[in-house]
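Let's take a walk through this protein together, with the model open beside you. We will begin at the bound molecule and work outward from there.

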Amino acid sequence: MNLSGTASTPHGTPRAQAALAGVLAGALTVGVADLLAALLVRFRIGSGQGSPVIAVGEAFVDRTPGWLKDLAIRTFGANDKTVLLVSIGVVLLVLALVAGLVARVRLAAGLGVVVLLAAVAAAAVATRPGASPLDVLPTLVGAVAGLLALRALMTRPAGSTQGWSRRAFLRGAGAVGAGALVTGAASRVATGSVTDVTASRAAVRLPAAVEKVTLPAGVQLPVPGITPFTTKNSDFYRVDTALSVPRLRAEDWRLKVHGMVGRELTLTYAELLKLPLVERVTTITCVSNEVGGDLAGNAVWLGYPISDLLQQVAPASDADMVLSTSVDGMTISTPLQNLTVGRDALLAIAMNGEPLPVEHGFPVRMVVPGLYGYVSATKWVTDLKVTRFDRDQAYWTPRGYSAKAPIKLASRIDVPGSFAKVPKGKAAVAGVAWAQGTGISRVQVRVDAGPWANARLADAPGKNTWVQWVWEWDARPGTHSLECRAFDANGVPQISASAPIRPNGTTGLDSTSVQVV
Ligand SMILES: Nc1nc2c(c(=O)[nH]1)N[C@H]1C(S)=C(S)[C@@H](COP(=O)(O)O)O[C@H]1N2
Ligand SMILES: [Mo]
């Protein structure tokens, strides 16, 4: 980059200087806005959604068509959010650079670009669910700081005829850059709620369960490479629309239960911990899971049966749905019946013996066997409204997904892996199958579309988890295709015709191609 005065153009400021001025002003805008947003959160002013970059990202996620979202989840998996935030950063960088270059030709026009960007960000902030008018304050103040910085860096000092001297420009740029760094770092510190929620989670003492889960040893087959029966928290798939994970302290959590009820109820975390909590082992699954995909995970959950909770509020007899809302504004509709029949649907506080990880819903989430996550598994849940499907709608319903979505019977081949080289002779073909709420009675495997053969099923602790299966194959040299299919406990076979993710989940048989050598 040549910042020297000799590169000076008729417009006075060298291009590189102008571009740098734009980028530094942009960085200062974001730094100031985020610092102010963090302070508002600290002092509980506004709704806590004042960060312009996060708001733009979330508004973008909201407006993303379902197919694109599915593609992003499939392509980037759990990194889809990082990819989005980095993309926003790159777009912002380019636009800031452009603002600088435009300002070089016409200062007012360059400032106009900044105003336009700020207006878009302010609109995104103001339209977040539950946004408060105060939330736009950080964006506005940040924009003013950015405008002043850009103007200062682009205006030659009084008396100068040559444009900025290199040294004067660098001094100004250094000051703006330092301002951006300091505000950016301070916003990190002020978002100390980050450390707050970690401390809050670390302070949780999990009460003993009044009903404990003991897993039979036979749930786990001794097959290398098979999906472990229990998914480690660190390996558990994550799907949600939150760009920054909601950081809600247990001390601040409240659950309101209301709507078509005999009497309303509010629950604090301390009160929840004193209730008789039970353990349940449940496999949850995402509707976006492809045939053979890994958006499913199994854990032992500790929580309070939602049926026991609902009993205390006396739902109206004509209610048929519970609309749950999370602290970040996600809404999820669950058939009332799935929450009141049996005592397996939980208001969960722990996962595999630990308080819920923050990204899996700390302090409290729902876990309901047999329903895809988007119609049951509300993380960071704070509100339950007893209502009717003909009165209320959840987030995904107008976006092309069914209002009700039971998990479809599925099976998957884990070993051998796709395109694996398998030594000839005896080889284990193994995987998992699930039909939460019903259970699995049989899994079959076939080679090269030949006859179906029965696999051996591992033990299952109940109907609500996946079950491992293994089939011993006498592998002959050559390229072979393997397929599997499952039958539920009622003898109903898995649907072999393929169906897309929308509106309510895929069907089709998993297959894998291997080379036996
Ligand atoms: N607040 C909130 N809860 C949510 C979601 C969300 O976007 N926001 N996504 C749901 C979906 S689609 C799924 S599949 C499950 C995933 O839970 P996990 O991330 O713990 O695996 O969470 C559900 N709960
Ligand atoms: Mo999902």
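Start at ligand 1, where an oxygen atom of the ligand lies 2.9 Å from a backbone N or O atom of T241. This is a predicted model, so please read every distance here as computed from predicted coordinates. Two nitrogen contacts are worth finding next. An N or O atom in the side chain of S326 is 3.1 Å from a nitrogen atom of ligand 1, and a backbone N or O atom of A377 is 3.0 Å from a nitrogen atom of the ligand. How much of the ligand does the protein bury? On its own, ligand 1 would expose 530 Å², and the protein buries 98% of that area.

Now widen the view a little to take in the surroundings of the ligand. Ligand 1 sits in the second largest pocket. The shell around it consists of 20 residues, and the closest are Y237, T241, H360, R365 and K379. T241 therefore appears among the closest residues as well as supplying the backbone atom at 2.9 Å from a ligand oxygen, a pair that falls within the 3.5 Å cut-off for a polar contact. Sorted by class, the shell contains 10 nonpolar, 5 polar and 5 charged residues.

With the ligand in place, step back to the whole protein. Its C-alpha trace spans about 90 × 65 × 40 Å along the principal axes. The protein has 11 helices and 19 strands. Of its 517 residues, 50% are buried.

Three residues can help you get a feel for those dimensions. Begin with A18, in helix 1, which covers residues 15-42. A18 counts as buried because its relative accessibility is 0%, under the 20% cut-off. From A18 to G303 the separation is 285 residues in sequence and 58 Å in space, C-alpha to C-alpha.

The other two residues share a loop. F229 lies between helix 8 (193-202) and strand 1 (254-259), and R238 is likewise found in the loop between helix 8 and strand 1. Are these two buried or partly exposed? F229 is buried, with a relative accessible area of 1%, whereas R238 is partly exposed at 23%. The reason for the two labels is the cut-off: buried means under 20% relative accessible area, and partly exposed runs from there up to 50%. For distance, the C-alpha atoms of F229 and A118 are 49 Å apart, with these positions 111 residues apart along the chain. R238 and A143 are 95 residues apart in sequence, and their C-alpha atoms are 34 Å apart in space.

Next, follow the chain to H480, which belongs to strand 18, residues 478-488. H480 counts as buried because its relative accessibility is 13%. Which partners does the side chain of H480 reach? One is the side chain of D448, with which it makes a polar contact at 2.6 Å. Another is the backbone oxygen of R476, at 2.7 Å.

That contact leads us to D448 itself. D448 lies in the loop between strand 14 (440-447) and strand 15 (453-454). D448 is partly exposed, with a relative accessible area of 40%, so the D448–H480 contact joins a partly exposed residue to a buried one. The backbone of D448 deserves a look too: its phi is near 50 degrees, a positive value in a residue other than glycine. A449 also has a positive phi, about 60 degrees, although it is not a glycine. A449 is found in the loop between strand 14 and strand 15, and it counts as exposed because its relative accessibility is 52%, over the 50% cut-off.

Finally, have a look at two cis peptide bonds that involve prolines. The bond from F362 to P363 is cis, with omega near 5 degrees. P363 is in the loop between strand 8 (354-355) and strand 9 (365-367). A cis peptide bond also joins V415 and P416, with omega about -5 degrees. P416 lies in the loop between strand 11 (410-415) and strand 12 (421-422).

Technical notes:
Residues numbered from 1 in each chain as written. Chains lettered and ligands numbered in written order. Predicted model: local features only at pLDDT ≥ 70, side-chain atom pairs only at ≥ 80, totals over all residues. Heavy atoms only, no water. Near = heavy atom within 4 Å. Polar contact = N/O pair within 3.5 Å; in protein donor to acceptor, adjacent residues only side chain to side chain. Areas by Shrake-Rupley, 256 points an atom, 1.4 Å probe, with all protein chains shown as cover. 1 Å grid on protein atoms, 1.4 Å probe; cavity = no way out; pocket = protein on both sides within 12 Å on 5 of 7 lines; lining within 4 Å. Sits in = over half its atoms within 2 Å of the grid points. Nonpolar A, V, L, I, M, F, W, Y, C, P; charged D, E, K, R; others polar. Helix = DSSP H or I, 4+ residues; strand = E, 2+ residues; numbered from the N terminus. Buried < 20%, exposed > 50% of the residue type's maximum accessible area, 1.4 Å probe, protein only.
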